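The following exercises concern pockets, strand pairing and salt bridges. Please work through each task before reading its solution.

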Amino acid sequence: MRLVSIGTSCISGIQIKYIHKQRGLVSPFTWTLSTIENINTAIESNFNTLLDRDNYISYTIINSQNKRQLVIQSVCGTKFLHCDPLDNKDHYDKLKAQCRYIKECLSQSRDIGYMVTIFHSYEKKRNGLRDIRKVIPKDCKFLVTQVNCGINSEPLLNDDNIYVASVDIGDYTKRVDEGGRQYARAQAYGVSPEYTEIVNAVF
């Protein structure tokens, strides 16, 4: 089964790439930072608000590694942290290909699973998540994982036809890779056994 990340951070993308070993084109929300509202705005505009390059804004932040990092923000609010679709034509062309890819996925009805991680409770984002569920084919599974919420819970299918689970790995700075290097937060969650167990239980 092909897995597709719908955001809201890189956590699902990391799980798909490094645990499920899936490569190739990804959705435009895989390596970006979005809110559920940003994602729905992009979908409702047929991704035009995500691709409106003339109205991108750019600024610099200090990231979790205490380094300066360029951020490009789209009209719908999605933030590009790992690429520069404003000044790099190749990056922008890749973004367009990613938008075509997610539209193709959403037009199919088999062998695709959709994943999103949120840093809020399901109930707080329920309306927006139900809107996303509406554009996903009915026979495709949709997993929402609540991150950093203090508990771990197995995925359960609710009345919205959405699987909902919770994952918390405690102090992520204690998670290291095979070489002993400390993971960033998204990496620590994305490859964690706790999150992997949730994903495998659904897909």
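Each exercise below consists of a task and a stepwise solution.

This is a predicted model, in which local features need pLDDT of at least 70 and side-chain atom pairs count only at pLDDT 80 or more, while totals for chains, interfaces and linings use all residues. Residues are numbered from 1 along each chain as its sequence is written, and side-chain values use heavy atoms, with hydrogens and water left out.

**Exercise 1. Characterise the largest pocket and its lining.**

Step 1. A pocket is an open set of points on a 1 Å grid over the protein atoms alone, where a 1.4 Å probe fits, with protein on both sides within 12 Å along at least five of seven lines; lining residues have an atom within 4 Å of a point. Grid points are joined across faces, edges and corners, and the volume is the space filled by probe spheres set on them. The largest pocket has a volume of about 1,200 Å³.

Step 2. Its lining comprises 42 residues, and Cys10, Ile14, Leu81, His82 and Ala186 lie nearest the centre. Elements giving two or more residues to this lining include α1 (11-19), β3 (57-62) and α6 (185-190). Helices (H or I, at least four residues) and strands (E, at least two) are DSSP runs, numbered from the N terminus. The largest share, 4 residues, comes from α4.

Step 3. By class, 22 of the lining residues are nonpolar, 14 polar and 6 charged. Here Ala, Val, Leu, Ile, Met, Phe, Trp, Tyr, Cys and Pro count as nonpolar, Asp, Glu, Lys and Arg as charged, and the others, Gly among them, as polar.

**Exercise 2. Describe the second largest pocket in the same terms.**

Step 1. The volume of the second largest pocket is about 150 Å³.

Step 2. Thr8, Ser34, Thr35, Ile36 and His120 lie nearest its centre, within a lining of 13 residues. Helix α2 (residues 36-44) supplies the largest share, 3 residues.

Step 3. The lining of the second largest pocket has 4 nonpolar, 6 polar and 3 charged residues.

**Exercise 3. Which strands stand at the edges of the open sheet?**

Step 1. The sheet has 5 strands in the order β1-β6-β7-β9-β8, with mixed pairing. Two strands pair if DSSP finds at least two bridges between them.

Step 2. β1 (2-5) and β8 (153-157) stand at the edges; each has a single partner strand, so one side of each lacks a neighbour in the sheet.

Step 3. As an example of pairing, β1 and β6 (residues 112-118) run parallel and are joined by 4 bridges. Leu3 has Gly113 in β6 as its bridge partner.

**Exercise 4. Analyse the salt bridges of Lys125 and Glu194.**

Step 1. The structure holds 8 salt bridges, each a side-chain nitrogen of Lys or Arg within 4 Å of a carboxyl oxygen of Asp or Glu.

Step 2. Lys125 pairs with Glu37, the closest N and O atoms being 3.1 Å apart. Lys125 lies in the loop between β6 and α5 (126-135) and Glu37 in helix α2, so the pair ties together parts 88 residues apart in sequence.

Step 3. Accessibility is classed as buried (under 20% relative accessible area), exposed (over 50%) or partly exposed (in between), with a 1.4 Å probe and protein chains only. Lys125 is buried at 14%, whereas Glu37 is partly exposed at 43%.

Step 4. Glu194 and Arg175 meet in a salt bridge of 2.8 Å, N to O. This pair links helix α7 (residues 193-202), which holds Glu194, with the loop between β9 (163-167) and α6, which holds Arg175. Glu194 is partly exposed at 24%, and Arg175 is partly exposed at 22%.
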